[in-house]
Amino acid sequence: MLYSKITLGDPVAISFNEQFDRHGAWRRQFALRLKLLSEWLRDHDLLDAAVEERLRRLETQIRSDKVMVAFVAEFSRGKSELINAIFFAGYKRRIMPASAGRTTMCPTELGYDSEVPPCLRLLPIETRLQPQPLMEWRMVPEKWTRFDLDVNDAGQLAEALERVSEVRRVTIDEARALGFWHDEFPEDNPLLGADGKVEVPRWRHALINIAHPLLKQGLVILDTPGLNAIGAEPELTVNLIPQAHAVVFILAADTGVTKSDLAIWREHLISDGDSADSRLVVLNKIDMMWDALRTPYEVQAEIERQRSTSAEILGLGQEQVIPVSAQKGLVAKINDDAALLQASQLPVLERALSQGVMGHRRTILRAAVSANIASLRAEAGRAIQIRRRDLAEQTMELKGLRGKNTAVIRQMRARIEQEQREFDVSGARVHAVRSVHLKLLREVLALLGTPALKTEMAELTAKLRQPGIKLGARKAYAQTFDRLRATLRQAQASSTEIQSMLTGTFRQLNAEYGFSLQAPREPDLARFQRDLDLVERSHNQYLGMGNMFRLAQPEFADRLVRALATRLRVIYESALGELELWNKSAAAQLDAQLRDRRRNFGRRIEAIERIQQAASGLDERIAEIDGQDVALAALEAKLAELTGQLIEAPAEQAAAPEPLLKSA
């Protein structure tokens with residue numbers, strides 16, 4: 001279980017904010033060590049193209065690592081108040097709008113980008129009438145309405161963020177085109193006013209960029225609207241929520257799991273085959289059940305019954321349902337009321353987030369770091385070993401000259417020059433190997449390229465655009481994903497053939513020219529097939545009978561396919577990146593060994609010249625080589641030390657800084 005049972009008296013558990021502080025400290029420490037390793041490798045001529053690429057990827061991954069926590073609920077469950085209580089109590093007031101009724105009318109992301117000033121950016125709802133997916137709109141900042149924020153003025157900040165709750169009144173035809181009116185589901189439609197119009201959100205999506213301490217360290221908070229708004233924006237459900245590292249689903253303690261709550265849970269949060277481990281349910285507003293006419297024991301017993309019933313309905317363990325009063329927790333933090341804070345049980349939720357989200361995230365990051373650093377160490381270590389082998393060969397060669405006359409030394413020089421000429425001829429052979437490898441690789445890359453993906457998406461769109469109710473939509477999706485998986489399997493099979501060719505060719509070059517080539521590890525594309533499975537499950541929730549009428553609308557089907565294409569493009573680009581790194585590793589080895597061998601010939605000829613010029617040159621040169629070998633051994637030890645520090649420095653051992661949010 002990602003979320004283990006936590007008690008208020010647990011002295012070891014720490015809050016989410018404190019855990020995130022430690023995670024941020026570890027990331028900064030890791031980035032610094034990675035920079036030092038990069039400089040050290042460059043100083044010692046060990047930074048070839050493959051090693052440099054691995055370092056760049058690791059640095060990007062650590063620096064840009066985000067932890068997204070999505071808060072999902074039907075309207076009026078206290079979702080925005082919970083965000084205020086956990087993350088923004090340090091402002092000593094509400095920041096996210098949390099008044100009665102519908103407050104968050106559009107999906108809202110809170111994060112931090114140092115290249116953008118503090119601001120609120122709002123995407124007009126009318127953009128739904130255009131074909132671009134939400135991800136593409138992010139790349140067009142001029143289409144967003146922007147309001148600058150003063151993060152030092154809590155009042156101005158809260159007033160500006162009220163805009164996410166703005167609405168506008170439109171005709172039924174406009175609401176239908178925007179995805180908020182469905183003739184087939186009248187119970188889900190907004191209320192029709194006396195003027196014949198209905199209320200819809202003014203904005204499609206909100207991005208809040210502020211230098212909050214936790215957001216600066218990579219936290220992203222996703223605040224979602226209710227069921228009707230979620231269903232109208234498929235990209236939110238099939239892209240953003242499934243990629244969140246944790247989903248906090250909020251219920252009202254006095255009502256438990258309502259019909260609309262259950263619809264959100266089943267249709268948007270849990271797909272067939274999904275693990276519920278990253279889902280945490282909050283039973284909010286337990287203060288509504290506090291009753292002076294009942295004993296505290298009776299009140300707690302009723303809360304526990306509601307908790308048990310909710311867990312059973314949602315198919316969760318009871319420890320994943322946490323009773324909380326967000327409002328009382330916020331008041332307690334603002335007023336520094338420790339007793340009220342404990343009664344609100346907000347610390348229990350914070351510790352659940354801390355142990356669940358951050359622990360899970362560290363595990364994933366450490367696995368990626370360990371694998372990449374181990375590969376980096378192996379590639380840099382191989383270069384050192386090649387140099388040590390060349391030095392050993394030179395030592396044997398020079399020791400064989402002891403006591404030899406001038407004629408023998410001249411013959412030795414002639415032999416080295418002949419070897420050099422023969423080696424220069426081998427360069428053409430090596431380039432031929434690279435050419436064949438690159439040709440085969442291009443064929444694999446074409447399988448996963450943008451044109452191939454566009455073709456698949458066009459075929460799926462054509463099937464979904466056929467007139468009438470799409471009873472065959474699930475089958476069309478299944479066939480598309482079957483072909484996508486087959487493409488990945490074909491790419492894997494082709495890469496296996498290339499790997500076999502490389503292994504054989506490297507072995508032959510090693511035998512003929514004394515190289516130490518070793519084919520790099522073949523990329524594992526199986527994990528991208530697993531990613532496809534996850535995407536397919538997140539989309540299948542839209543293909544049941546409940547969405548048949550929505551799928552009958554070409555605009556909705558188009559939005560669904562565009563959202564799918566956005567997600568698939570990320571998977572395919574990641575797979576392409578693995579293949580390109582594989583190619584760089586092979587090419588870098590060839591380049592490095594050609595370069596080192598040419599350098600070695602130069603050193604051997606230089607040594608012969610020095611021996612010819614002075615009788616003492618032989619022993620001096622052997623002593624120099626011995627010294628170089630000792631230096632290379634020290635390099636190996638330093639490489640192991642530097643990479644070992646990166647692998648062995650777990651996030652949980654990073655020094656805990658002073659809490660950034662005292663009130664939290």
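Here is a walk through the fold, from the whole chain to its central strands and then to some of its helices. Keep in mind that this is a predicted model.

Start with the big picture. The protein chain has 664 residues, and 52% of them are buried. Its secondary structure adds up to 21 helices and eleven strands. If you look at contacts between residues at least 6 apart in sequence, 82% link residues at least 24 apart. On the outside, about 29,400 Å² is exposed, with carbon and sulfur atoms supplying 52% of that area.

Now find the sheet. Nine strands form an open sheet with mixed pairing, in the order β4-β3-β7-β2-β8-β1-β9-β10-β11. The edges belong to β4 (145-148) and β11 (321-323); each has a single partner strand, so one side of each has no neighbour in the sheet. Going from strand to neighbouring strand, the turn averages 20°, direction ignored.

Strand β1, residues 67-73, is a good place to zoom in. It sits between β8 and β9 in the strand order, and it runs parallel to both: five bridges join β1 to β8 (residues 219-223), and five bridges join it to β9 (residues 246-252). To get your bearings, look for F71 opposite D223 in β8, and for A73 with its bridge partner I250 in β9.

Where do the side chains of β1 go? In a regular strand, side chains alternate between the two faces of the sheet. Here V67, V69, F71 and A73 point one way, while M68, A70 and V72 point the other way, and all are buried. That makes seven of seven residues in β1 buried.

Moving towards the β11 edge, β10 (residues 279-284) pairs with β11 in the parallel sense over three bridges, and V282 has I322 as its bridge partner in β11. Helix α11 (residues 296-314) packs on the sheet here, touching β9, β10 and β11, with its direction at about 145° to that of β10. Helix α10 (residues 259-269) lies across β1, β9 and β10, running at about 165° to β9.

Away from the sheet, look at α16 (residues 450-464) and α17 (residues 473-513). Their axes come within 10 Å and cross at roughly 170°. Angles over 145 degrees count as roughly antiparallel, so that is how α16 and α17 run relative to each other. Among the residues that meet are L453, M457 and L460 from α16, and A476, Y477 and L484 from α17.

Finish at α18 (residues 526-540). At 1.5 Å a residue, its 15 residues should span 21 Å, and its end C-alpha atoms are indeed 21 Å apart. Its buried residues include F528, L532 and V535, along with E536 and H539.

Technical notes:
Residues numbered from 1 in each chain as written. Predicted model: local features only at pLDDT ≥ 70, side-chain atom pairs only at ≥ 80, totals over all residues. Heavy atoms only, no water. Buried < 20%, exposed > 50% of the residue type's maximum accessible area, 1.4 Å probe, protein only. Helix = DSSP H or I, 4+ residues; strand = E, 2+ residues; numbered from the N terminus. Pairing = 2+ DSSP bridges. Expected span 1.5 Å × (residues − 1). Contact = heavy atoms within 4.5 Å. Areas by Shrake-Rupley, 256 points an atom, 1.4 Å probe, with all protein chains shown as cover. Axes fitted to C-alpha atoms, helices over the stretch in contact; angles between N-to-C directions. Parallel < 35°, antiparallel > 145°, perpendicular 65-115°, else oblique.
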